[in-house]
Structure formats: C-alpha cells, structure tokens
Amino acid sequence: QLQLVESGGDFVQPGGSLRLSCTASGFSLEDYAIGWFRHGPGKGREGVSVISSSGGSTKYADSVKGRFTISRDNGKNTDYLQMNSLKPEDSAAYYCAADKDFQEIVLTMTSNRYLEVWGQGTVVTVSS
C-alpha cells in the first residue's frame, strides 16, 4: 500500500519556524515528484511548493517565496518543507502528494488534478 505520512505541524508564534516532513512507505520516493498543498480555514486548497524527483527543479507559490524551502532526502524516503517567518495566514492543514509526473504536480498547484498518492495532513497554527 502506497502511503505518505506528514509530520511536524505545531502551534507557533508569528515569525517562527517549522519543518514539515513527508515520509513514504510502500514505495520509493526517488521516482516521484512531491508537492505540498495547504487548506486554510475558510479557504480553498492552495499549492505551496513542488520538487522534482531529482530535486533539481522546484516551484513555490508567490505567497511563500523567500520564506519556505522544499527539499528531499531520497535515502530517507522523505521530503521536507522548511517554513520560516511564519505568518498567521500560513495557518492551515498541510498535505504532501506524490506523482511520477512533475508537470502534473505543478499543474495541481493551481488546478484540481489527480495525483497518485496523498498524505493525511498535518496542522500548522500560527498565532500570538
């Protein structure tokens, strides 16, 4: 069974940092592009960042550029989302997803498309 498990969500004050992890089981992440998405209260799903299977290509939503960094450790079968300078508007449930097609994940940042594997999410709350 293909599974992704997110972790690292927490309560943090504005300006703080968190690192989210997305760990795969049942398959090897090295063949898959990974995307992070979030769903905030009263908002629709938003694409946050994506990374290609090699790690050589990344994309970010304008709202997180310069603050968030996506990376991957294929040896650990894990992807990471480093989030710095967090703002209250970053509060959301964060999900990772995997697909062998990098362009498909890129398109999913701004449209509702099918991706092969989704995690269950981890909650980030940014508040003073």
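The secondary structure of this predicted model comes to 1 helix and 11 strands. Read from the N terminus, the order is β-β-β-β-β-β-β-β-β-α-β-β. The radius of gyration is 13 Å, close to the 14 Å that the globule rule gives for 128 residues, so the protein is as compact as a globular protein of that length.

Some totals for the protein follow.

| Property | Value |
|---|---|
| C-alpha box along the principal axes | roughly 40 × 30 × 25 Å |
| Accessible surface | about 6300 Å² |
| Share of that surface from carbon and sulfur atoms | 45% |
| Buried share of the 128 residues | 46% |

Contacts across the sequence can be put in one number. Take the contacts with a separation of 6 or more: residues 24 or more positions apart account for 60% of them.

**The sheet**

Four strands make an open sheet in the order β1-β3-β8-β7. The pairing is antiparallel. Its edge strands are β1, residues 3–7, and β7, residues 68–73. Each of these pairs on one side only. From one strand to the next, the twist averages 15 degrees. Strands of a sheet pair through backbone hydrogen bonds, and the pairing can be parallel or antiparallel.

**The β7–β8 hairpin**

The edge strand β7 deserves a closer look. Its partner is β8, residues 78–83. The two strands run antiparallel and are joined by 6 bridges. Arg 72 of β7 has Asp 79 of β8 as its bridge partner. Thr 69 stands opposite Gln 82 in β8. Together β7 and β8 form a hairpin, with 4 residues between the strands. In the turn, Asn 77 has a positive phi of about 55 degrees.

**Two faces of β7**

Which side chains of β7 are buried? Phe 68, Ile 70 and Arg 72 are, and these point to one face. Thr 69, Ser 71 and Asp 73 point to the other face and are not buried. The cut-off for buried is under 20% relative accessible area. In a regular strand the side chains alternate between the two faces of the sheet. The side chains along β7 do alternate.

The bridge partners can be read against this pattern. Arg 72, with its partner Asp 79 in β8, is on the buried face of β7. Thr 69, opposite Gln 82, points to the other face and is not buried.

Conventions
Residues numbered from 1 in each chain as written. Predicted model: local features only at pLDDT ≥ 70, side-chain atom pairs only at ≥ 80, totals over all residues. Heavy atoms only, no water. Pairing = 2+ DSSP bridges. Axes fitted to C-alpha atoms, helices over the stretch in contact; angles between N-to-C directions. Buried < 20%, exposed > 50% of the residue type's maximum accessible area, 1.4 Å probe, protein only. Rg over C-alpha atoms; globule rule 2.2 N^0.38 Å. Contact = heavy atoms within 4.5 Å. Areas by Shrake-Rupley, 256 points an atom, 1.4 Å probe, with all protein chains shown as cover.
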